[in-house]
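User: I'm new to reading protein structures, and I'd like to know where the labels come from. Can we go through some of them together?

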Amino acid sequence: MTEKNKKNHPYENLRASLANLISQKEPGEKLPTEPLLARQMGVSRATLREAMRSFESQGLIRRRQGIGTFVVGRSQVIDTGLEILESIETLADRIGLEVSMGDLKIHIISADDELAAALDIKPKEELVQVARTIRAENRPVAYLVDILVKDILPIEELSKDFNGSVLDLLLRRGQPPLSFSDTEIRVKDATSEIARELEIQRGDGLLLFVARLFDTSNKAICYSYSYFLPGYFRFHVLRNVASIDQSRNMLGVQTGG
């Protein structure tokens, strides 16, 4: 191995220096400003921000626009499989993590072409949009947006005893009976609006679940966007290994007799 390969990459050196700095701070303590840190560590502010994002995604620091960067310490992580659909509240209760609903925004909107196709309704049909933050350990950790046909979830039902979970509300009510969710998982950079709701920097990476919830008649009743801070959530999937014949069949390969 050459001497060059033995040396750490400058970016890894930066991460190690930041990790050491963070470890020396108490939760709630403020880090030096980005310009000062960049000068001290001999890197550009863009490189520094990229390294700091990785620590924020782990839930170790919290960056607030115009205020500064704070050490938050190691947080509890909601660790769950994706085989069964459950609310954040249910998952948090399982590990003894207290969560609460932040700002709740309810709007009546008209279905555009995308929503009409997703919910199999006519364009311009009225929908109820329910947007809210979910907080844990004194900070926002998720931003949820559910969009439903008005007669599925009247606004009056959201004005009383709503804890932030549309799923739990529908399950308690029992109507319509729910069957399954079709979910697409993406990585999404935070827009200005989402960054403001989650108290992070615009462009920070988030986990985004785009989902449709179906009732037992296979009708989509809810279309949702769920934004999660990676440092507070760990999702995983249990998958069986396909046999050789199954793999060939999925690829359209004919097996010999």
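Analyst: Sure, let's go through strands first and pockets after that. Keep in mind that this is a predicted model.

User: What makes strand β6 count as mostly covered?

Analyst: A residue is called buried when its relative accessible area is under 20%. In β6, residues 139-149, 11 of the 11 residues are buried, so the strand earns the label "mostly covered".

User: How do you know that β5 and β6 pair?

Analyst: Pairing takes at least two bridges between two strands. β5 (residues 126-136) and β6 are joined by 10 bridges, so they qualify as a pair. They run antiparallel, and one spot to look at is A131, which stands opposite V145 of β6.

User: What sits between β5 and β6 in their hairpin?

Analyst: There are 2 residues between the strands. In that turn, E137 has a positive phi of about 50 degrees.

User: Why is β9 called a partner of β6 too?

Analyst: Use the cut-off of at least two bridges again. β6 and β9 (residues 220-228) have 7 bridges between them, so they pair, and they run antiparallel. V145 turns up here as well: its bridge partner in β9 is Y225.

User: On to the pockets. How do you find empty space in a model?

Analyst: Rolling a probe as big as a water molecule over the atoms shows where space is left empty. Here the largest pocket has a volume of about 820 Å³. Its lining has 37 residues, and L85, E86, L167, S181 and F209 are the closest to its centre. Elements giving two or more residues to that lining include β6, β9 and α7 (166-173). The top contributor is β7, with 6 residues.

User: What makes a lining residue nonpolar, and how many are there in the largest pocket?

Analyst: Leu and Phe are among the residue types counted as nonpolar, while Glu counts as charged. Sorted by class, this lining has 21 nonpolar, 10 polar and 6 charged residues.

User: Which residues lie nearest the centre of the second largest pocket?

Analyst: Those are E34, R64, G68, T69 and Q201, out of 16 lining residues. This pocket has a volume of about 230 Å³. α4 gives the most to its lining, with 3 residues.

User: Why does G68 in that group count as polar?

Analyst: G68 is a glycine, and Gly is placed among the polar residues, so it goes there. The whole lining has 4 nonpolar, 6 polar and 6 charged residues.

How values were computed: Residues numbered from 1 in each chain as written. Predicted model: local features only at pLDDT ≥ 70, side-chain atom pairs only at ≥ 80, totals over all residues. Heavy atoms only, no water. Buried < 20%, exposed > 50% of the residue type's maximum accessible area, 1.4 Å probe, protein only. Helix = DSSP H or I, 4+ residues; strand = E, 2+ residues; numbered from the N terminus. 1 Å grid on protein atoms, 1.4 Å probe; cavity = no way out; pocket = protein on both sides within 12 Å on 5 of 7 lines; lining within 4 Å. Points joined across faces, edges and corners; volume = space filled by probe spheres on them.
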